[in-house]
Amino acid sequence: MAENSDLDAVETVQEIDARGSFCPGPLMEMIRAVRDSQVGDAVAVWSKDPGSRTDIPAWIQKAKHELIGVQDKDGYTRFVVRKMH
Amino acid sequence: MSSKMSFVAFSGTADKLQALATMVSGAAAMEVETHVFLTFWGIMALRKDAVDKPLPLPTEYGEQGKQILEIMEQRGVTPFAELLRLATSVGDVHIHACAMTVDLFNMGKDDLDDMVEDIIGVGTFIQLAEGGSVVFI
């Protein structure tokens, strides 16, 4: 997984602000965004939901995409995923 | 983990249906085949004329129940019907209505929200649920 500083350099096609959403909202937003993007695209989701910490990586593994990185920001977490298929 | 989960949604109150919608969303996200069998009060909550209205709360929660609902509304928790609809669009989720209830209360598929896929008998539901886990709520 990329370090925080490298993660800022990853170009994303979508930045989804799901900070107002509760579990499992941010995960659902991520699934929709990945579905709507092209293979190879990177998508980021911002979440304040503590469940996302485990749920988003678990889904990415299950759905066989790539978790590029997880960043702790000011009061929220940014997850960056690459669509693999 | 079981690759299939089925839920009997018997209750029509906010507490149980919110929990149902959250669990179904999780199952949808994790690519688990999911069936929801709406029966009795569960069907009433998904009638077209009720689906976007606030759900009742069991009286035993009293004042505490009202406070919890207020907090959920203030903080923008996604309402159950919207969450369930989202789950059907994201995952392998099928929402069925119980034929007996629909018949008993003279309803048809047109009376129910579009997320309801079909009207089936309990035998069909048992068959669909075979091999997976079943939750009654």
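Modeller: Before we start, helices here are DSSP runs of H or I with at least four residues, numbered from the N terminus. And keep in mind that this is a predicted model.

Biologist: OK, pockets then. Which helix of chain B gives the most to the lining of the largest pocket?

Modeller: That pocket has a volume of about 610 Å³, and 22 residues line it, with B:Ala14, B:Gln18, B:Leu55, B:Leu69 and B:Pro79 closest to its centre. Helix 1, helix 3 (62–74) and helix 4 (80–90) of chain B each supply at least two lining residues. The top contributor, with six residues, is helix 3.

Biologist: And how many residues of that lining are nonpolar?

Modeller: Five of the lining residues are charged and four are polar. The nonpolar ones number 13.

Biologist: What about the second largest pocket: which helix has the largest share of its lining?

Modeller: This pocket holds about 190 Å³ of space. Of its 14 lining residues, A:Ile31, A:Arg35, A:Trp59, A:His65 and B:Glu31 are the closest to the centre. Helix 2 (25–36) of chain A and helix 1 of chain B each put in at least two residues. The largest share, three residues, belongs to helix 2 of chain A.

Biologist: Let's check helix 1 of chain B. How far apart are its end C-alpha atoms?

Modeller: The helix covers residues 14–29, which is 16 residues. At 1.5 Å a residue, the expected span is 22 Å, and the model agrees, because the end C-alpha atoms are apart by 22 Å.

Biologist: Now the salt bridges. Is B:Asp113, the partner of B:Arg85, buried or exposed?

Modeller: The closest N and O atoms of this pair are 2.9 Å apart. B:Asp113 sits in the loop between helix 5 and strand 4 of chain B and B:Arg85 in helix 4, so the bridge ties together parts 28 residues apart in sequence. B:Arg85 is partly exposed at 32%. For B:Asp113 the relative accessibility is 9%, and the cut-off is under 20%, so B:Asp113 counts as buried.

Biologist: Which residue forms a salt bridge with B:Glu63?

Modeller: The partner lies in helix 3 of chain B as well, three residues apart from B:Glu63, about one turn of the helix. Both residues are exposed. With the closest N and O atoms 3.1 Å apart, the partner is B:Lys66.

Biologist: Last one: how many residues apart are B:Lys48 and B:Asp114?

Modeller: They form a salt bridge with the closest N and O atoms 4.0 Å apart. B:Lys48 is in the loop between helix 2 (41–45) and helix 3 of chain B, and B:Asp114 in the loop between helix 5 (99–104) and strand 4 (118–120). The pair links distant parts of the chain, and the separation is 66 residues.

Conventions:
Residues are numbered from 1 along each chain as its sequence is written. Chains are lettered from A and ligands numbered from 1 in the order in which they are written. This is a predicted model: local features need pLDDT of at least 70, side-chain atom pairs count only at pLDDT 80 or more; totals for chains, interfaces and linings use all residues. Side-chain values use heavy atoms; hydrogens and water are left out. The expected span of a helix is 1.5 Å times one less than its number of residues. On a 1 Å grid over the protein atoms alone, a cavity is a set of points where a 1.4 Å probe fits but cannot get out, and a pocket is an open set with protein on both sides within 12 Å along at least five of seven lines; lining residues have an atom within 4 Å of a point. Grid points are joined across faces, edges and corners, and a volume is the space filled by probe spheres set on the points. Ala, Val, Leu, Ile, Met, Phe, Trp, Tyr, Cys and Pro count as nonpolar, Asp, Glu, Lys and Arg as charged, and the others, Gly among them, as polar. A salt bridge is a side-chain nitrogen of Lys or Arg within 4 Å of a carboxyl oxygen of Asp or Glu. Buried means under 20% relative accessible area, exposed over 50%, partly exposed in between (1.4 Å probe, protein chains only).
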